[in-house]
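Biologist: Before we discuss this assembly, could we put the model on the screen and take its features one at a time?

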Amino acid sequence: MAQPMSKATRHVSINEGLLFEQSAPGKRGMELPPLDVPPVDAGAALGPEFARRAVEHFPEVSEIEVIRHFTRLSTWNYAIDLGMYPLGSCTMKYNPRVNEFVARLEGLATEHPLQPIELSQGCLRILRALEGVLEEVTGMDAVTLQPCAGAQGEYAGIAIIRAYLADRGNPRKKVLVPDSAHGTNPATAATAGYEVVNIRSDANGRIDLAHLAEYATEDVAALMVTNPNTVGIFEQDIARAAEILHGRGALLYMDGANMNALAGITRPGDFGVDVMHMNLHKTFSTPHGGGGPGAGPVAVKKHFEPFLPFPVLVEKDGALAWDSHRPKSIGRLRAFCGNFGVLVRALAYALAYGPGMVEATRDAVLNANYIRKKLEDVYDLPYRQPSMHEVVFSDARQKKNGVNTVDIAKRLIDYGFHPYTTAFPLIVPGALMIEPTESESRRELDLFVEAMRSIAVEAAETPELVKTAPHSTRVGRLDEVGAARKPVLRWTPPQ
Amino acid sequence: MRYLPKSDAEREALLAELGLASMDELFASIPEPFRLKRPLHVPGPLSEKEIIDYFRARAAENAAGYTSFLGAGVYNHLRSVAADALLQRGEFLTSYTPYQAEISQGTLQAIFEFQTLMCQLTGQEVANASMYDGSTATAEAALMAVRISGRKRLVVSRALHPEYRQVLTTYAAHMDLPIAEAPFDARSGQTDLDALRGTLDQATAAVILQSPNFLGVLEAVPRAGEITRGSGALLVTAVAEALSLGAVRAPAEADIVAMETQSLGLPPSFGGPFAGVIATREKYVRNMPGRLAGQTTDAQGRRGFVLTLATREQHIRREKATSNICTNEALCALAVTMHLALLGKEGLREMAAQNLAKARYALGELEKLSGVRRAFSGPFFNEMAVEFPVSVRMINQHLLREKIIGPLPLGPYYPEQTKRGLLCVTETHSRGEIDRLVAATARALAALGRESREAMPAEAKR
């Protein structure tokens with residue numbers, strides 16, 4: 001028997017084919033003002049070698065069809081705007097609408113990155129203001145806003161470390177990455193030309209200091225550590241880890257993906273971190289948008305400043321300007337000056353809270369601990385250290401009935417929630433990684449707890465119901481193996 | 001605080017459930033010496049009205065009211081408000097990467113449509129969704145060619161966007177990939193293919209060029225492809241002005257296309273966020289970085305879409321992944337999909353044709369001025385290097401007084417080209433605006449001519 005559900009009721013979902021399947025010659029969804037200069041023939045202007053008549057099979061649909069198409073597609077998505085989205089380590093918090101409004105203002109969205117600097121002072125002042133906020137929140141000395149996402153921030157950070165060490169004579173060969181780290185950490189270290197050495201966590205899910213001391217040899221450039229780590233636990237020995245590394249000439253890189261647990265409470269710059277990045281699409285509320293855009297600013301201590309990617313924002317004669325003449329810089333990370341529109345949204349978020357950002361941090365940690373308290377009697381809690389912004393359970397108890405974390409996650413969909421993060425971190429077999437953020441009301445938290453407890457009952461009494469979930473969605477579990485074996489990656493016209 | 005959905009009483013109740021007396025106790029695991037004992041020194045808090053006022057004030061310090069003729073990798077084109085209205089639906093805006101396929105079919109189907117549109121535009125067989133922008137897509141395409149060929153050397157056209165070249169240099173440095181430069185022909189503005197042939201060797205992994213290139217000139221991609229493959233290397237073609245593909249032959253002969261999609265529905269936004277894309281041949285798909293949506297079915301045979309070929313990606317392969325990219329530019333790719341759906345086959349062709357016409361009208365009018373001419377003879381789309389009798393910087397100072405942002409000076413990028421500027425004319429420029437640019441340029445040239453005559457020594461004036 002399925003348990004009663006407080007949050008969700010099923011409703012009609014409208015079918016919708018692919019854009020290309022609705023196309024008919026002659027339809028269009030946008031008209032241009034008439035050409036007010038003499039027309040030219042493309043063939044004549046470009047020559048037969050370069051001219052193109054039309055893009056074959058490009059869609060031809062009307063405006064109302066486009067509106068319905070994407071509106072219908074949108075209803076097939078879950079979103080923060082619909083309810084709790086407890087993806088661990090993703091910080092799915094409310095994305096304020098005023099942020100969207102200001103990012104679209106005439107004079108901001110319309111500006112060209114290469115326009116004269118004296119006509120760009122407004123944009124540059126926004127960037128400088130955000131740098132100031134991030135310097136204060138992290139306790140670091142300088143910030144670059146160039147990186148487009150967390151992974152590019154990591155890349156910039158490790159490249160800065162490499163350049164700094166090279167400048168002192170030896171870039172070294174290895175980067176240490178804990179086994180609990182995000183996949184981007186080892187991938188980044190490899191992209192930056194380092195050999196990756198995995199170090200294990202201790203019985204409490206934290207960095208094993210003895211192991212670190214053993215591995216922090218003369219050819220180690222840095223340790224990349226996430227704090228709070230991916231088990232949601234604060235790395236209490238982080239200052240000690242920094243000492244060990246610094247004693248061997250190595251550096252401490254912090255992945256700031258989980259800054260939502262720290263803002264206003266403690267600052268990485270105060271506990272020994274040399275270089276770090278943040279994800280503005282997590283802590284600073286810029287929308288995830290189905291996978292980006294994000295922004296991954298990097299914050300550094302003073303002595304790493306010469307190595308920041310260029311251009312660097314500087315003040316010259318009372319005005320702001322870009323400095324691209326940076327002989328020690330790691331180079332340019334991307335064209336132009338970062339994901340400006342995302343940075344605007346992040347500053348709007350920071351301005352809304354001001355110093356009150358700490359209240360968001362407190363509520364985020366409060367919510368995670370409330371969920372932990374309400375579920376720890378029915379789900380296995382492998383690490384019992386105090387939780388910060390997220391709590392990680394395992395499916396150990398449910399597995400006895402053949403129900404795993406993915407099954408529970410899929411069943412959560414039927415209850416009207418987005419699943420938590422499944423099967424990560426890797427150090428917790430069958431992990432349920434739950435991050436509620438500060439954006440959940442007590443009512444939403446209680447509904448989530450009710451759903452999770454109900455699924456625990458189902459897992460024991462009617463495991464098949466959970467193992468075959470979800471039961472309420474447009475499509476059931478999809479054949480991922482088939483999708484990868486014979487990839488169909490684009491629509492092709494019927495033969 | 002308006003974003004926080006709890007009353008103080010509710011907070012107290014939750015704390016009581018946890019057996020805690022204060023919020024501070026939640027943070028007991030943070031060693032005392034590291035706890036911040038003062039409020040953050042940051043501006044705010046601001047109400048919604050104050051936030052809007054702050055950003056309006058900043059917007060007023062920019063170039064509002066100016067007519068701009070800048071391109072160089074960021075293009076202003078008409079966009080329908082319908083696309084932006086759709087884009088702001090919370091179900092698209094506030095969802096995560098679609099790992100949970102059953103409740104992400106909207107995003108996944110749209111990604112599949114984006115991939116299809118990109119294949120159609122570029123003439124390639126597969127396209128990802130997405131890379132950060134055109135510059136990083138170009139760098140990642142080069143790294144992809146290195147993986148495929150097993151070689152390390154890169155040959156880069158000097159007519160590739162200078163900032164793209166800088167990004168490539170950054171990424172190549174950490175992989176110890178040597179970079180050689182191929183010159184462009186001084187007359188045509190196209191990459192010099194004979195010189196290119198001379199730079200290729202058995203160590204060359206890829207040739208990287210851009211079309212239209214930074215100077216606005218279309219490259220002979222089919223021949224460049226032949227020459228490149230002749231040495232066993234791959235041809236990477238960057239496209240920074242993607243609208244050109246509505247009028248210009250697709251770079252189907254490239255092995256990898258690295259495209260910036262900004263000009264297909266995204267605002268300039270001071271340089272980002274944009275969306276890059278990598279498109280390539282099917283046989284290279286497992287070497288491609290970035291997200292891919294694939295079509296599949298559920299147990300009942302219903303069509304659905306999933307993220308696929310994830311074994312290339314960092315969350316599965318960690319240090320052996322094809323790239324460290326995770327968060328990409330999905331919402332920008334969706335905006336592009338919406339824009340292209342509205343524009344459609346005929347709209348795309350018409351918009352591209354309007355660009356051809358407006359750019360040629362502007363050039364024709366400018367060339368009526370003495371000493372003004374296009375710098376290169378190769379075919380172009382909507383952007384051209386224009387040579388003036390005096391420095392572009394000095395002309396621009398005059399134009400700015402008439403609220404016109406004139407051509408981008410090429411001197412900082414190509415030191416031999418101080419009297420040349422890159423001018424971009426699109427369908428957004430009215431004939432009146434183009435005429436105003438030409439008239440203002442004429443006045444600038446006249447004033448600069450007077451100034452230089454007055455600056456001459458007396459005996460030379462005779």
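Modeller: We can begin with a single residue of this predicted model: T437(A) has 26 C-beta neighbours inside 10 Å, and because the cut-off for burial is 20 or more, T437(A) counts as buried.

Biologist: Where is T437(A) found, and what is the value of its phi?

Modeller: T437(A) lies in a loop of chain A, the one between β12 and α13 (442–461). Its backbone is notable in that the residue is not a glycine and yet has a positive phi, with a value near 65°.

Biologist: A423(A) also has a positive phi without being a glycine; is it buried, exposed or partly exposed?

Modeller: The phi of A423(A) is about 55°, and the residue sits in the loop that connects β11 (421–422) to β12 (431–434) of chain A. Since A423(A) has 16 C-beta neighbours inside 10 Å, and a residue between the limits of 12 or fewer and 20 or more falls into the intermediate class, it counts as partly exposed.

Biologist: Which strands of the seven-stranded open sheet of chain A stand at its edges?

Modeller: The order of the strands in this sheet is β1-β7-β6-β5-β4-β2-β3, with mixed pairing. A strand at an edge has a single partner, so one of its sides is left without a neighbour in the sheet, and in chain A this applies to β1 (142–144) and β3 (195–199).

Biologist: What is the average twist from one strand to the next in that sheet, and which residue is the bridge partner of M276(A)?

Modeller: From one strand to the next, the twist averages 25°. Strands β6 (residues 275–278) and β7 (residues 298–300) of chain A run antiparallel and are joined by three bridges. Within this pair, the partner of M276(A) in β7(A) is A299(A).

Biologist: At about what angle does helix α5 of chain A run to β6(A), and what angle does helix α6 of chain A make with β2(A)?

Modeller: Helix α5 (residues 150–167) of chain A lies across β1, β2 (174–178), β4 (220–226), β5 (251–256), β6 and β7, and its angle to β6(A) is about 170°. Helix α6 (residues 184–191) of chain A packs on the sheet as well, where it touches β2, β3, β4 and β5, and its direction makes with that of β2(A) an angle of about 175°.

Biologist: Turning to chain B, which strands stand at the edges of its seven-stranded open sheet?

Modeller: Here the strands follow the order β2-β8-β7-β6-β5-β3-β4, and the pairing is again mixed. Each edge strand has a single partner, so one side of it has no neighbour in the sheet; these strands of chain B are β2 (126–127) and β4 (179–182).

Biologist: Which residue of β8(B) stands opposite V126(B), and what angle does helix α6 of chain B make with β7(B)?

Modeller: Two bridges pair β2(B) with β8(B) in the antiparallel sense, and the residue opposite V126(B) is T280(B). Helix α6 (residues 134–149) of chain B packs on this sheet, touching β3 (153–157), β5 (204–210), β6 (234–239), β7 and β8, and its direction makes with that of β7(B) an angle of about 165°.

Biologist: Which peptide bonds in chain B are cis, as far as you can list them?

Modeller: One of them, with omega near 5°, leads to P45(B) in the loop between α1 (8–18) and α2 (48–59) of chain B. Another has omega near 0° and leads to P273(B), which is found in the loop between β7 (256–260) and β8 (276–280) of chain B. The two bonds are thus G44(B) to P45(B) and G272(B) to P273(B).

Biologist: How many residues does each chain bring to the contact, and which helix gives the largest share of the side of chain B?

Modeller: The contact takes 172 residues from chain A and 164 residues from chain B. On the side of chain B, the largest share, 23 residues, comes from helix α11 (residues 330–366).

Biologist: Which residues have the most contacts inside the largest nonpolar core?

Modeller: This core has 315 residues, and its largest share, 22 residues, comes from α11(B). Among the residues that V236(B) touches are A141(B), A206(B), I208(B) and I256(B). The residues with the most contacts inside the core are I160(A) and V236(B).

Conventions:
Residues numbered from 1 in each chain as written. Chains lettered and ligands numbered in written order. Predicted model: local features only at pLDDT ≥ 70, side-chain atom pairs only at ≥ 80, totals over all residues. Pairing = 2+ DSSP bridges. Helix = DSSP H or I, 4+ residues; strand = E, 2+ residues; numbered from the N terminus. Axes fitted to C-alpha atoms, helices over the stretch in contact; angles between N-to-C directions. Contact = placed C-beta atoms within 7 Å. Core = buried A, V, L, I, M, F, W, Y, C linked by C-beta atoms within 7 Å. Lists of a residue's contacts leave out its neighbours within four places in sequence.
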